[in-house]
Amino acid sequence: VQLQAYGGGLVQPGGSLRLSCAASGINFSIATMAWYLQPAGKQREWVATIISRGSTNYGDSVKGRFTISRDNARRRVYLQMNSLKPEDTAVYYCYVSWKSHDYWGQGTLVTVSS
């Protein structure tokens, strides 16, 4: 199983960024996918989840600003991040639990700063 996350970078407060995660080694169309973030020196925390049929859930800190989506044909999950705040600065990871194992992408750094 491989998860490749990309799309991070430097963005100003109030700006937008879209993260992508390409998955392989799983039956992507039935997998529940998620994004997590980890600020420097802090614990990893859950951001959003999307199930196979497209239903979504969000953490309170990102609700209304971030949108998780998926493209089953391309085996990709996305995180559209709008109205970004400095406190959103973190390494973002995509995640899947597959056949009782946890898999994480390598992480992509998002820095929100003026």
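This report walks through a predicted model of one protein, from its overall build to a handful of individual residues.

## Overall build

Let us start with the fold as a whole. The protein contains eleven strands and zero helices, and read from the N terminus the order of elements is β-β-β-β-β-β-β-β-β-β-β. Its 114 residues would give a radius of gyration near 13 Å if they formed a compact globule, and the value for the protein is 13 Å, so the two agree. The C-alpha trace extends about 40 × 25 × 25 Å along the principal axes.

How much of the protein is buried? Of the 114 residues, 42% are buried. The accessible surface amounts to about 6100 Å², and carbon and sulfur atoms contribute 45% of that surface. Among contacts with a separation of 6 or more, 51% join residues that are 24 or more positions apart. As for charge, there are 12 positive and 6 negative side chains, with the centres of the two sets 9 Å apart.

## The disulfide

How many disulfides does a search of the whole structure find? The search finds one, and its partners are Cys21 and Cys94, with 2.0 Å between their sulfur atoms. Cys21 belongs to strand β3 (residues 17-24) and Cys94 to strand β9 (residues 90-98), so the link ties together parts of the chain that are 73 residues apart in sequence. The link is right-handed, with 55° about the S-S bond. Are the two cysteines buried or exposed? Both Cys21 and Cys94 are buried.

## Two buried residues of strand β5

Next comes strand β5 (residues 45-50), the place of Val47 and also of its neighbour Ala48. Val47 has a relative accessible area of 1%, and because buried means under 20%, it falls in that class. Ala48 is buried too, with a relative accessible area of 0%.

Which residues does Val47 touch, leaving out those up to four places away in sequence? They are Trp35, Tyr36, Leu37, Asn57, Tyr58, Gly59, Val62, Phe66, Leu79 and Tyr92. With the neighbours within four places again set aside, Ala48 is in contact with Met33, Ala34, Trp35, Asn57, Tyr58, Ile68 and Leu79. Trp35, Asn57, Tyr58 and Leu79 appear in both sets of partners.

Distances help to place this pair in the fold. From Val47 to Cys94, one of the disulfide partners, the C-alpha distance is 9.7 Å, with their positions 47 residues apart in sequence. Ala48 and Ser61 are 13 residues apart along the chain, and their C-alpha atoms are separated by 10 Å.

## Thr67 in strand β7

Thr67 sits in strand β7 (residues 66-71). Its relative accessibility is 40%, so Thr67 counts as partly exposed. Beyond residues up to four places away in sequence, Thr67 touches Tyr58, Tyr78, Leu79 and Gln80. Of these, Tyr78 is eleven residues from Thr67 in sequence, and the C-alpha atoms of the two are 8.0 Å apart in space. Tyr58 and Leu79 are also among the partners of Val47 and of Ala48.

## Three serines in loops

Three loop serines can be set side by side. The table gives the place and relative accessible area of each.

| Residue | Loop | Relative accessible area |
|---|---|---|
| Ser61 | between β6 (56-58) and β7 | 43%, partly exposed |
| Ser83 | between β8 (76-81) and β9 | 42%, partly exposed |
| Ser100 | between β9 and β10 (101-104) | 75%, exposed |

What is the sign of phi in Ser83 and in Ser100? Ser83 has a positive phi of about 50°, and Ser100 has a positive phi near 70°. Neither Ser83 nor Ser100 is a glycine. Ser100 counts as exposed because its 75% relative accessible area is over 50%.

Ser61 adds a last pair of distances. The C-alpha atoms of Ser61 and Ile30 are separated by 27 Å, and the two residues are 31 positions apart along the chain. For Ser61 and the buried Ala48, the C-alpha separation is 10 Å.

How values were computed:
Residues numbered from 1 in each chain as written. Predicted model: local features only at pLDDT ≥ 70, side-chain atom pairs only at ≥ 80, totals over all residues. Heavy atoms only, no water. Helix = DSSP H or I, 4+ residues; strand = E, 2+ residues; numbered from the N terminus. Rg over C-alpha atoms; globule rule 2.2 N^0.38 Å. Buried < 20%, exposed > 50% of the residue type's maximum accessible area, 1.4 Å probe, protein only. Contact = heavy atoms within 4.5 Å. Areas by Shrake-Rupley, 256 points an atom, 1.4 Å probe, with all protein chains shown as cover. Lys, Arg positive; Asp, Glu negative; His and termini not counted. Charge placed at Lys NZ, Arg CZ, Asp CG, Glu CD. Disulfide = S-S within 2.5 Å.
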